[in-house]
Amino acid sequence: MKAVFSADLRRRVEDLAAKYPSKSAALLPVLHLVQAESGFIGPDEEESVAALLGTTPLEVREVVTFYTMFRRKPVGRYHLQVCRNVSCSLLGGDAILDYVRKKLGLNVGETSADGRFTLNTVECLGACEQAPCLMVNFDHYGNLTENRVDEILGELA
Amino acid sequence: MAEAKTFARALGGEGGWSVEAYLQAGGYRAARKALGEMTPAAVLDEVKKANLRGRGGAGFPAGLKWGFVPAKTDKPKYLCVNADEGEPGTFKDRYILGHDPHLLIEGTLIAAFAVGIHRAFVYIRGEYENIARRLEAALAEAYERAFLGPDVFGSGFALDLRVHRGAGSYICGEETALLESLEGKRGHPRLKPPFPASVGLFGAPTVINNVETLANVPGIILNGAAWFTDQGLPTDGGTRLFGVSGAVARPGVYELPVGTTLRDIIFTHAGGMLPGRRLKAVIPGGLSSPILRADELDLPMCCDALVRAGSMLGSGAVIVIDDRTPILDVLLRVARFYAHESCGQCTPCRLGTAWIRKVVERMASGGGRPGDVDELARLASGVKGRTLCPMGDAAAMPVLGIIQKFRPELEGATCRP
């Protein structure tokens with residue numbers, strides 16, 4: 001069954017589609033908008049996006065499953081992604097990940113029972129001069145220490 | 001060597017990112033000169049003379065790339081700014097996008113004028129959402145002042161420039177995957193030829209340039225090709241934004257002439273090693289560039305010297321590895337990354353990277369077996385040169401490099417009781 005999008009979202013989708021030589025080229029930006037509103041992109045959202053952009057649900061799913069930032073399930077209010085690539089690991093990224101895991105009582109990929117936190121690892125975030133780093137939703141935090149992690153989580157609570 | 005620097009504003013963060021600050025620093029003079037006093041052919045000629053080499057990874061001269069676009073075509077031509085910046089260790093374009101977005105807009109404008117392009121996109125990696133917003137604000141300023149739009153500077157030249165966000169995919173930094181992604185599809189690289197200059201975005205002739213490459217264009221137009229080649233080396237001119245990360249005292253972005261040695265970058269500019277750590281190895285140009293040992297630090301950082309040393313300058317991202325770090329740990333990050341990012345289209349890459357990861361993860365968890373290192377070399381050689389796009393090589397080269405430079409340590413790790 002098609003997901004029902006708000007009038008505002010439908011208008012923004014139409015605006016975006018008009019900016020490209022072909023409507024379906026707006027798929028990635030449109031999926032970002034849908035995910036921002038719905039929290040994730042499930043089969044119902046895929047169907048609605050396909051109808052709005054004149055493509056098929058299958059083509060939408062191909063894209064949703066290809067790109068790591070698109071989620072097929074909801075995540076917590078705060079999505080923590082800890083970098084695990086070389087520059088961060090050289091400066092203790094693994095220890096930071098362990099600390100966050102213990103502090104939140106979550107394994108990688110899990111969401112807290114109260115729906116507040118989801119913990120994941122991520123590949124290089126492009127902030128290597130601030131290693132080790134993590135992202136909470138779209139905000140970057142760098143030069144992490146255990147104290148800094150305490151502060152960040154305290155601010156989110 | 002000239003003292004002039006192209007990116008000093010962005011690195012210092014002084015003056016802010018607004019159009020007023022940029023104009024106060026002399027911004028948009030180069031674009032006014034190009035559009036008002038020069039022909040497109042003269043602009044192209046100047047950039048060709050400067051031999052501006054691509055700053056994204058491949059080092060291909062930008063002027064040549066522009067020259068491949070047919071002058072006469074019945075299709076609209078496109079310009080794509082590659083702001084995907086996914087190569088691990090790389091963060092330099094973030095500085096330009098975030099601190100000096102008008103420098104990029106001006107460079108893009110001049111490039112579009114030289115090639116006769118009226119529609120351009122900045123493809124920015126999805127994780128840079130906050131920076132994409134900043135860039136959009138800068139674009140709005142540029143439209144407001146008619147530095148973009150249907151009649152730029154009242155010259156009659158039109159350019160439409162928009163931001164397009166990616167969604168988390170390393171392969172979309174590969175230019176044909178970027179085009180697919182911009183068209184709303186999975187980022188599956190295309191078979192080349194045809195090259196994007198003839199069949200690119202929506203099947204039309206397309207130029208794709210890295211952010212830093214385009215940000216070099218205003219300086220070349222304003223000061224001339226000789227000014228550019230005077231900085232750096234005659235065949236590889238200008239400065240580069242070297243992004244230094246890892247076990248150094250002062251990680252960051254350093255704008256230095258092409259040809260500066262690794263030793264200078266690390267020990268003079270980045271403050272040397274962190275206290276108590278010794279340099280063991282350097283990844284000189286982003287994760288895919290083959291690793292160098294501590295005795296190779298006197299290499300000048302330019303495209304050709306790095307290739308001669310069996311590595312590459314790539315994105316100029318210098319990752320400094322210290323003696324506390326087991327080389328197997330570096331290999332583990334490399335192996336996981338490429339297995340995660342393979343788009344799956346070509347079998348050697350899809351399966352090869354997965355098998356490399358399996359073997360390395362087993363080694364890292366203490367289950368190494370005699371012959372594992374040879375097996376890894378065999379697997380990596382089976383990926384290299386056997387894929388549609390350069391990602392196969394990007395995945396294989398660092399594995400082969402680590403084996404070549406650190407075989408005894410790796411074999412020691414596999415034989416642990």
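These notebook entries record what I looked up in a predicted model with chains A and B.

**Entry 1. Confidence**

I began with the scores, as the model is predicted. For the complex, the predictor gives an ipTM of 0.96 and a pTM of 0.96. I then turned to chain B, where the mean pLDDT is 95. In chain B, 98% of the residues reach 70 or more. I kept one general caution in mind: where pLDDT is low, the predicted coordinates should not be read in detail.

**Entry 2. Outline of chain A**

I looked up the elements of chain A and found 7 helices and 4 strands. Read from the N terminus on, they run α-α-α-α-β-α-α-β-β-β-α. I noted the extent of chain A along its principal axes: the C-alpha atoms fill a box of roughly 50 × 35 × 25 Å.

Where do the domains of chain A lie? Domain 1 of chain A covers 7-66, and domain 2 covers 78-156. I looked up the separation of these two domains of chain A, and their centres, taken over C-alpha atoms, are 29 Å apart.

**Entry 3. The sheet of chain A**

I next followed the strands of chain A. An open sheet is formed by 4 strands in the order β2-β1-β3-β4 (chain A), with mixed pairing. Its edge strands are β2 (117-122) and β4 (139-141) of chain A, each of which pairs on one side only. Neighbouring strands in this sheet are turned against each other by 25° on average, direction ignored.

I then examined one pair of strands. Strand β3 (residues 134-136) of chain A pairs with β4(A) in the antiparallel sense, over 3 bridges. Which residue in β4(A) is the bridge partner of A:V136? I found that the partner is A:D139.

A helix also belongs to this picture. Helix α6 (residues 93-104) of chain A lies across β1 (78-83) and β2 of chain A. The angle of α6 to β1(A) is about 155°.

**Entry 4. Where chain A meets chain B**

How many residues does each chain give to the contact? I recorded 32 residues from chain A and 44 residues from chain B. On the side of chain A that touches chain B, α2 (27-38), α4 (57-66) and α5 (86-89) of chain A each supply at least two residues. The most comes from α2(A), with 4 residues. I also looked up the classes on this side of chain A: 20 residues are nonpolar, 8 are polar and 4 are charged.

**Entry 5. Domains of chain B**

I turned to the domain assignment of chain B, which gives domain 1 (8-230), domain 2 (236-322) and domain 3 (327-414). The C-alpha centres of domain 1 and domain 3 of chain B are 34 Å apart. I found these two domains in contact, through 10 residues of domain 1 of chain B and 8 residues of domain 3 of chain B. On the domain 1 side of this contact in chain B, I noted 6 nonpolar, 3 polar and 1 charged residues.

**Entry 6. A sheet in chain B**

I traced an open sheet of 5 strands in chain B, in the order β9-β8-β12-β10-β11, with mixed pairing. The edge strands are β9 (252-257) and β11 (292-293) of chain B, and each pairs on one side only.

At one edge, strand β8 (residues 239-246) of chain B pairs with β9(B) in the antiparallel sense over 6 bridges. Together β8(B) and β9(B) form a hairpin, with 5 residues between them. In this pair, B:L241 has B:E255 in β9(B) as its bridge partner.

At the other edge, strand β10 (residues 279-283) of chain B pairs with β11(B), also in the antiparallel sense, over 2 bridges. Here I found B:A281 opposite B:R293 in β11(B).

**Entry 7. Two helices of chain B**

Last, I looked up helix α17 (residues 372-383) and helix α18 (residues 391-414) of chain B, whose axes come within 9 Å. How do these two helices run relative to each other? Their axes cross at roughly 170°, and angles over 145 degrees count as roughly antiparallel. Therefore α17(B) and α18(B) are roughly antiparallel to each other.

I then listed part of their contact. Among the residues that meet are B:V373, B:L376 and B:A380 in α17(B), and B:A396, B:V399 and B:I403 in α18(B). By class, the contact of α17(B) with α18(B) has 11 nonpolar, 3 polar and 3 charged residues.

Key:
Residues are numbered from 1 along each chain as its sequence is written. Chains are lettered from A and ligands numbered from 1 in the order in which they are written. This is a predicted model: local features need pLDDT of at least 70, side-chain atom pairs count only at pLDDT 80 or more; totals for chains, interfaces and linings use all residues. Domain bounds come from an automatic or database domain assignment. Two residues are in contact if their C-beta atoms, placed from the backbone, lie within 7 Å. Ala, Val, Leu, Ile, Met, Phe, Trp, Tyr, Cys and Pro count as nonpolar, Asp, Glu, Lys and Arg as charged, and the others, Gly among them, as polar. Two strands pair if DSSP finds at least two bridges between them. pLDDT is the predictor's confidence in each residue, from 0 to 100. Axes are lines fitted to C-alpha atoms, for helices over the stretch in contact, and angles run from 0 to 180 degrees between N-to-C directions. Angles under 35 degrees count as roughly parallel, over 145 as roughly antiparallel, 65 to 115 as roughly perpendicular and the rest as oblique.
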